[in-house]
Amino acid sequence: MTTMSVCVRRAAGFAVLAVAALAALLLPAAPASAHAVLTRTAPAAEAVVQQAPTEVTLTFSEGVRLVPDKIRVIAPDGKRVDVGDPVVTGGTVTVTLRPGGARGTYLVSYRVISADSHPVAGGFTYSVGAPSDTAPTVDADEIDPFVASALPVAKYLGYAGLVLLIGPLLVLAFLWPSRLPRALPGRLVWTGFTLVVASTIAGVLLQAPYASGIALTDLTGADLREVFGSPFGTAHVVRLFALAAAALLLPQLLRGRGGVADRAILGVLGVVALVTWPLSGHPAGTPVPAVSVVIDAVHLASAAVWLGGLVMLFGFLLRWADEGELGAILPVWSRWAATAVGALALAGVTQAVIEVASPGALVGTAYGRLIIAKAVLFAAVLGVAAYARRLILRGAAAGRPGTMRRAVAVELGVATVILILTAVLVQTTPARTAEASDATPAGPVTTVVTSSLYKLEVQVEPATVGRNNVHLYAYTPAGKPLRVVEWQARAALPAAGVEPIAVPLVRLTDNHATGSFSVPSAGSWQLRFTLRISDIDQATVTATVPIT
């Protein structure tokens, strides 16, 4: 077996290992957490209202899109009471209901698509008059296990394809010595190209069942049309067209015959394709999507240039090129790598600031802690890269390819760990969303307590530690507004030893009073209300309200 054959086999094996290392990131992965949070509903979750509402509204932390027929309001008898299609305005979804709803508990079930293309599903109940003995139910839309496993595989094979396509293509176009064979590195480029195409097609096919909560075998033409009509589908179609156009120019360039015009066109097509990743992912859902999309595209391009170039150095150039060729190639590569790493660091820091949003979220969320770990490892890989750059600047690298190759191997190894953390980051809810979800109050707590003389509807808002407002509505046992002569209220937290404190109330109408009180700590607060409805008739009731 010739030395060249051995080198070819080793290089091919390294390329396979590079792809396998990236694919290995997928083993613990699951579909990314949805990044839209349900922040408020009307009626509030678990509320008891006296009059049947004519509509239900759901407010999310970012803009959402509807999944056809996936928002339903189920009456106590199990029948749907929602009418027509819900209306979406940004992050607010309004569902119209049939008038004159019956007494009892209603279930609101929803499934929408967040701005980052991930589904958000859930449900809550509210009651009219009084809760039912048993609440209505609806079958949950679970993500099919095959879809759940295939989605991250398709996504990260696409990232592996970018690394094997962009970096090696640039090296072949601008740094490859004319005497060296181009066949094997060309196959590496085509492997990357194939992975990107396959990932894109798989992404579209899997998005439909992922969004709708169905199995891949239940996929219909209508489901696919829904995906193609979304920003996610549009971005993937644009990517496929850009790749198809690039496929016409790649053969000439890989043979070393492409001209300046061909390279410029390929560059434009590459930029168009790269932008489709952030347009169909998390950057589209940030508070500043235009900035995040550009930053994420720069981040992808920089990583692909840097890592793909390292693959070419380790797998081919440091084995095949002679000292004179390396002396010409390595200084140019060093400048490329420095630029790519600098852009990668700047883009990463900017995106982290956008996604983390506050110092507390940096250390208080899983996303923030992963950012810290990634930054530490990135600092380590910068140290290795700086050592390699010093070898190059001293002119020693060309004469010591073995030392340089070992440095590149360490650099690739640490970069692989960084990619693992990046894989986990993509699957983790951004810190800004996690913090908002934790901080978002459940909304007003509404409950109804009764006595032999009256029925009292109690609303406490926002039901969190701090200043809370209380609204009281008095009704007869039959549900008609009741005139109250005198209102009294006291609040206590027996579990924490908080003795009853008076809550001053102000009469607004005959059956409506309001007041406010300060809650020093979370827990199940007991609110005692005494209502006098005549000179001699009065009764006391107690409502337990959870304060978070």
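Q: In this predicted model, does Tyr156 count as buried or exposed?
A: Let's start with the cut-off: a residue is buried when its relative accessible area is under 20%. Tyr156 has a relative accessibility of 5%. Because that value falls under the cut-off, Tyr156 counts as buried.

Q: Which residue forms an aromatic pair with Tyr156, 5.2 Å centre to centre?
A: The partner also sits in helix H2, which covers residues 145-174, and it is three residues apart from Tyr156, so about one helical turn separates the two. The planes of the two rings stand at 65°, which makes the pair edge-to-face. Unlike buried Tyr156, the partner is partly exposed, at 25% relative accessible area. The partner of Tyr156 is Tyr159.

Q: Why is the pair of Trp190 and Phe193 classed as it is, and what is the class?
A: The ring centres of Trp190 and Phe193 lie 5.4 Å apart, and rings pair if their centres are within 6.5 Å. Their planes stand at 80°, and over 60 degrees is the cut-off for the class in question. The class is therefore edge-to-face.

Q: Of Trp190 and Phe193, which one counts as buried?
A: These two are three residues apart in helix H3, so about one helical turn lies between them. Trp190 has a relative accessibility of 30%, which makes it partly exposed. The other residue comes to 10% relative accessibility, so the buried one is Phe193.

Q: Which residues do ring pairs link into a cluster?
A: The count of aromatic pairs comes to nine. Ring pairs also join up into a cluster. Its members are Trp176, Phe316 and Trp320.

Q: In what order do the four strands of the open sheet lie?
A: A good way in is from the edges, where a strand pairs on one side only: these are E1 (38-42) and E6 (82-89). From E1, four bridges lead to E3, residues 55-60. Five bridges then join E3 to E7, residues 92-97. With antiparallel pairing, the order is E1-E3-E7-E6.

Q: By how many degrees are neighbouring strands of this sheet turned against each other on average?
A: In general, strands of a sheet pair through backbone hydrogen bonds. In this sheet the pairing is antiparallel. With direction ignored, the average turn between neighbouring strands is 15°.

Q: Which residue in E7 is the bridge partner of Thr59?
A: On one side, Thr59 of E3 stands opposite Arg40. Another opposite pair is Leu38 with Phe60 in E3. Looking to E7 instead, the bridge partner of Thr59 is Thr92.

Q: Which residue does a cis peptide bond join to Pro462?
A: Pro462 lies in the loop between strand E11 (455-461) and strand E12 (466-475). The omega of this cis bond is about 5°. The residue joined to Pro462 is Glu461.

Q: Where is Pro43 placed?
A: Pro43 also takes part in a cis peptide bond, running from Ala42 to Pro43 with omega near 0°. The strands on either side of its loop are E1 and E2 (48-49). Pro43 is placed in the loop between E1 and E2.

Q: What is the value of phi that Ser117 is near?
A: Ser117 belongs to the loop between strand E8 (104-114) and strand E9 (119-128). With a relative accessibility of 8%, Ser117 counts as buried. Its phi is positive, although the residue is not a glycine, and is near 80°.

Q: What is the phi of Asp69, about?
A: Asp69 is found in the loop between strand E4 (64-66) and strand E5 (72-74). It is not a glycine, yet its phi is positive. The value is about 60°.

Q: Which element gives the most to the lining of the largest cavity?
A: The search finds three cavities of 30 Å³ or more, and the largest holds about 100 Å³ of space. Its lining has 13 residues, with Arg65, Ile113, Ala211, Glu226 and Val227 the closest to the centre. E4, H3 (183-212) and H4 (221-228) each supply at least two of the lining residues. With four residues, the element that gives the most is H3.

Q: How many nonpolar residues does the lining of the second largest cavity have?
A: This cavity has a volume of about 40 Å³. Its lining residues include Val81, Leu97, Tyr106, Tyr126 and Val128. Besides one polar and one charged residue, the number of nonpolar residues in the lining is seven.

Technical notes: Residues numbered from 1 in each chain as written. Predicted model: local features only at pLDDT ≥ 70, side-chain atom pairs only at ≥ 80, totals over all residues. Heavy atoms only, no water. Pairing = 2+ DSSP bridges. Axes fitted to C-alpha atoms, helices over the stretch in contact; angles between N-to-C directions. Buried < 20%, exposed > 50% of the residue type's maximum accessible area, 1.4 Å probe, protein only. 1 Å grid on protein atoms, 1.4 Å probe; cavity = no way out; pocket = protein on both sides within 12 Å on 5 of 7 lines; lining within 4 Å. Points joined across faces, edges and corners; volume = space filled by probe spheres on them. Nonpolar A, V, L, I, M, F, W, Y, C, P; charged D, E, K, R; others polar. Phe/Tyr/Trp six-rings, centres within 6.5 Å; stacked < 30°, edge-to-face > 60°.
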